Amino acid sequence: YQGVHTGTGESMYSGRISLTTGSADGRYTLRDDERGGHLTYDLGGRTTGTGTLFSDDDDLWGDGSPYDSQTAAVDAHHGAAQTWDYYKQVHGRDGVRGDGTAPYSRVHYGANYVNAFWSDECFCMTYGDGAGDTRPLTSLDVAAHEMTHGLTNNSAGLLYRGESGGLNEATSDIFAAAVEFRAKNPEDPGDYLLGEKIDIFGDGSPLRHMDRPSKDGRSRDYWSPSLVSQDVHFSSGVANHFFYLLSEGSGAKTINGVAYDSPTYDGKPVTGIGIEAAERIWFKALTEKMTSTTDYADARAATLSAAADLFGAGSEQYESVAHAWGAVNVGS
Ligand code: ASN
Ligand code: ZN
Ligand code: CA
C-alpha cells in the first residue's frame, strides 16, 4: 500500500485525468514522488499555514464541480505535474529550482479570493476559489504561470518592478501558453490567452491576450518610455506580443479554434518560427542571459544571443527574433 500510486481525478478544466498519488496512514494522498515530492494541501478558507494534505479512501478525486472540495485540488495537482514534466522533458530542468525538489500547492485560500500567487517564502503556489461568476483560479495556464514565477526567481531573478517586472510577468504567461499547448488536453487544447477558463471578468473574456495585449483595455502592445511606470501585469504585454509574433507571425490566424490578429508597430510583417523554437529561445535567454535588472533593450540582446547559440547568428530564427522585437518597438 505504501509507495507511488496512480489515481483518477475529475478536474474542473481538464476533464478526467490521471494523478500521481502517495499514501499515508492507510489513505491515498496528493503526493507526487515522481515529480520532486509535490504535495497539494487544503487551506479550507484559511489564509495562513500549510493546511491539510488532501487524502482519500479510493484514489478517485473530485467530481468536476466546485462543490466537491477535491476538484480544485485535482486541477492544482495536475497543473503542477504538467508544468514539472514540461520543464524536465522540454528544457532538461529538474524542477523550477533545478535541484529535483518540487514546490507545494495550496487550494481554497481565503473567501471569495480572485487570484493565485507564487511565494518564494514558502516555495509554494496558492489558489483562490474565485467569487461570483469567476471560477476557481486553478486552470492549467494559471498553475503554469504561478510555478514559472518560481523558475524566474531562481534563475534570472527579474525584479518585480519596472521593465524587469514586465519581463518577469511575461515569462510566466509565455510558459503558461507553452505548457498548455504541450499538454494537448482536448478540454483545453492550447492558446495564446491567459485565464480563458476562469472567467475572471464574468463576460467570458480572458485575463490576457498575447496576440494583441491591448485587447484587455490596459496592457501595452508596444514599447514606449512610459512603459517602465506601468503595473507589471500590463508592461508584460510588450514581451507577450513579441513572443506571439515570434511563434506565429503577424496578421490573422486561427489556432485550435481561437482567432488571433497580431499587429506590428511599423506595419511590416513578421514570420513566425513556431512556438517550440520560440520557447527554447526564451528559456535559454531567461536561464543563461538575463539578470535581475534586464530591461526590454537587454531582453532583445539576450534573446538574440540565445537564438545565435541555438540556431546560428545567420539563421531564420535569429532574423525573426530581431524582426519580432522591432515589431513591438524594441530596437529595429
Ligand atoms: N496572480 C498574480 C501573479 O502571478 C499575483 C500577483 O500579482 N502577485 O502575478
Ligand atoms: Zn504573475
Ligand atoms: Ca490559456
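## Around ligand 1

The residues of the shell around ligand 1 fall into three classes: two nonpolar, three polar and two charged. The model is a predicted one. Which residues surround ligand 1? They are Asn115, Ala116, Phe117, His145, Glu146, His149 and Glu169. Two elements, β10 (116–119) and α2 (140–153), each give two or more residues to this shell. Of the elements, α2 gives the most, with three residues.

## A sheet of five strands

Strands of a sheet pair through backbone hydrogen bonds, and they do so either parallel or antiparallel. In this model, five strands form an open sheet. Their order is β7-β3-β2-β1-β8, and the pairing is mixed. Which strands stand at the edges? They are β7 (55–56) and β8 (60–61). Each has a single partner strand, so one side of each is left without a neighbour in the sheet.

Helix α1 (residues 70–91) packs on this sheet. It touches β1 (5–10), β2 (16–24) and β8. The direction of α1 makes about 95 degrees with that of β2.

## Pairing, strand by strand

Start at the β7 edge. Strand β3 (residues 27–29) pairs with β7 in the antiparallel sense, over two bridges. Thr29 has Ser55 of β7 as its bridge partner.

Now take β1 and β2. These two strands are antiparallel, and six bridges join them. Gly7 has its bridge partner in β2, and that partner is Leu19. β1 and β2 form a hairpin with five residues between the strands. In this hairpin, Gly15 takes a positive phi near 70 degrees.

At the other edge, in what sense do β1 and β8 pair, parallel or antiparallel? They pair in the parallel sense, over two bridges. One bridge partner in β8 is Leu60, which is matched with Thr8.

## Helices α3 and α5

Two packed helices are described by the angle between their axes and by the distance between the axes. Helix α3 (residues 162–183) packs with helix α5 (residues 237–248) at an angle of about 40 degrees. Their axes are 8 Å apart. Are α3 and α5 parallel or perpendicular, or what else are they? Angles under 35 degrees count as roughly parallel, and 65 to 115 as roughly perpendicular. The two helices are therefore oblique to each other. The crossing of α3 past α5 is right-handed.

Which residues meet here? From α3 come Gly166, Leu167, Ala170, Asp173 and Ile174. From α5 come Val238, Ala239, Asn240 and Phe243. By class, the contact of α3 with α5 has six nonpolar, two polar and one charged residue.

## Helices α6 and α7

A second packed pair is helix α6 (residues 275–289) with helix α7 (residues 296–311). Their axes come within 8 Å. They cross at roughly 115 degrees. That makes α6 roughly perpendicular to α7. This crossing is right-handed.

On the α6 side, the residues in the contact are Arg280, Ile281, Trp282, Lys284, Ala285 and Lys289. They meet Ala302, Thr303, Ser305, Ala306, Ala307, Asp309 and Leu310 in α7. The contact of α6 with α7 divides into seven nonpolar, two polar and four charged residues.

Technical notes. Residues are numbered from 1 along each chain as its sequence is written. Chains are lettered from A and ligands numbered from 1 in the order in which they are written. This is a predicted model: local features need pLDDT of at least 70, side-chain atom pairs count only at pLDDT 80 or more; totals for chains, interfaces and linings use all residues. A residue is near a molecule or strand if its C-beta atom, placed from the backbone, lies within 6 Å of it. Helices (H or I, at least four residues) and strands (E, at least two) are DSSP runs, numbered from the N terminus. Ala, Val, Leu, Ile, Met, Phe, Trp, Tyr, Cys and Pro count as nonpolar, Asp, Glu, Lys and Arg as charged, and the others, Gly among them, as polar. Two strands pair if DSSP finds at least two bridges between them. Two residues are in contact if their C-beta atoms, placed from the backbone, lie within 7 Å. Axes are lines fitted to C-alpha atoms, for helices over the stretch in contact, and angles run from 0 to 180 degrees between N-to-C directions. Angles under 35 degrees count as roughly parallel, over 145 as roughly antiparallel, 65 to 115 as roughly perpendicular and the rest as oblique. A crossing is left-handed if the near helix is turned anticlockwise from the far one by less than a right angle, and right-handed if clockwise.
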